[in-house]
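Trainee: Before I use any of the terms for this structure, could you take me through the reasoning behind them?

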Amino acid sequence: QVQLVESGGGLVQAGSSLRISCAASGRTFSSYAMGWFRQAPGKEREFVAVISLSGSNTYYADAVKGRFTISRDNAKNTVYLQMNSLRPEDTAVYYCAARRNAVAVTMGQYQYWGQGTQVTVSS
């Protein structure tokens with residue numbers, strides 16, 4: 001199994017930047033596509049970004065494209081989400097998730113989930 005722990009969330013002002021991280025346990029991190037999802041108050045969890053095993057392929061939700069960047073460091077068993085030009089509508093709990101092999105954009109296709117980290121963007 002894979003255990004995931006997110007960190008780096010917090011309260012920031014609109015227009016600022018924040019980088020959140022997800023540390024994975026185990027020796028098989030490089031065998032998983034890693035995704036970020038988020039859930040705002042009263043809303044369903046939605047896809048944000050995903051990165052392939054080697055980091056060569058990435059996909060983003062339209063709402064964050066051009067502002068967010070997903071990356072991974074397999075040697076450190078860590079995936080990152082760099083968030084720039086943050087907006088109040090980005091406020092949500094951000095979750096990282098792991099899926100064996102190929103990338104995917106739906107929650108049901110991911111086997112492992114972290115506990116989430118809160119990102120709040122004030123106007």
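**Reasoning from values to terms**

Mentor: Let us begin with the cysteines of this predicted model: Cys22 and Cys96 are joined in a disulfide, with 1.9 Å between their sulfur atoms.

Trainee: What makes Cys22 and Cys96 a disulfide?

Mentor: The cut-off for the two sulfur atoms is 2.5 Å, and the sulfur atoms of Cys22 and Cys96 are 1.9 Å apart, so the pair falls within the limit and is called a disulfide. The angle about the S-S bond is 45 degrees, and the link is right-handed.

Trainee: Which parts does the pair of Cys22 and Cys96 tie together?

Mentor: Cys22 belongs to strand S3 and Cys96 to strand S9 (residues 92-100), so parts that lie 74 residues apart in sequence are tied together by the pair.

Trainee: How do you know whether Cys22 and Cys96 are buried or exposed?

Mentor: A residue counts as buried under 20% relative accessible area; Cys22 has 0% and is therefore buried, and Cys96, also with 0%, counts as buried.

Trainee: Why is the pair of Phe37 and Phe47 called edge-to-face?

Mentor: Two rings pair if their centres lie within 6.5 Å, and planes over 60 degrees apart count as edge-to-face. The ring centres of Phe37 and Phe47 are 5.8 Å apart and their planes stand at 75 degrees, so both conditions are met and the pair is edge-to-face. This pair links Phe37 in strand S4 (residues 32-39) with Phe47 in strand S5 (residues 46-51), 10 residues apart.

Trainee: What are the relative accessibilities of Phe37 and Phe47?

Mentor: Phe37 has 1% and counts as buried, while Phe47, with 15%, is buried as well, because the limit is under 20%.

Trainee: What makes the pair of Phe37 and Tyr110 edge-to-face?

Mentor: Here the ring centres are 5.3 Å apart and the planes are at 80 degrees, so the pair of Phe37 and Tyr110 is edge-to-face. Tyr110 lies in the loop between S9 and strand S10 (112-113), 73 residues from Phe37, and Tyr110 is buried with a relative accessible area of 5%. Ring pairs join Phe37, Phe47, Tyr110 and Trp113 into a cluster.

Trainee: How do you know that the charged end of Arg45 sits over the ring of Tyr95?

Mentor: The charge must be within 6 Å of the ring centre and within 35 degrees of the ring normal; the charged end of Arg45 is 3.7 Å from the centre of the Tyr95 ring and sits over it.

Note on methods:
Residues numbered from 1 in each chain as written. Predicted model: local features only at pLDDT ≥ 70, side-chain atom pairs only at ≥ 80, totals over all residues. Heavy atoms only, no water. Helix = DSSP H or I, 4+ residues; strand = E, 2+ residues; numbered from the N terminus. Buried < 20%, exposed > 50% of the residue type's maximum accessible area, 1.4 Å probe, protein only. Phe/Tyr/Trp six-rings, centres within 6.5 Å; stacked < 30°, edge-to-face > 60°.
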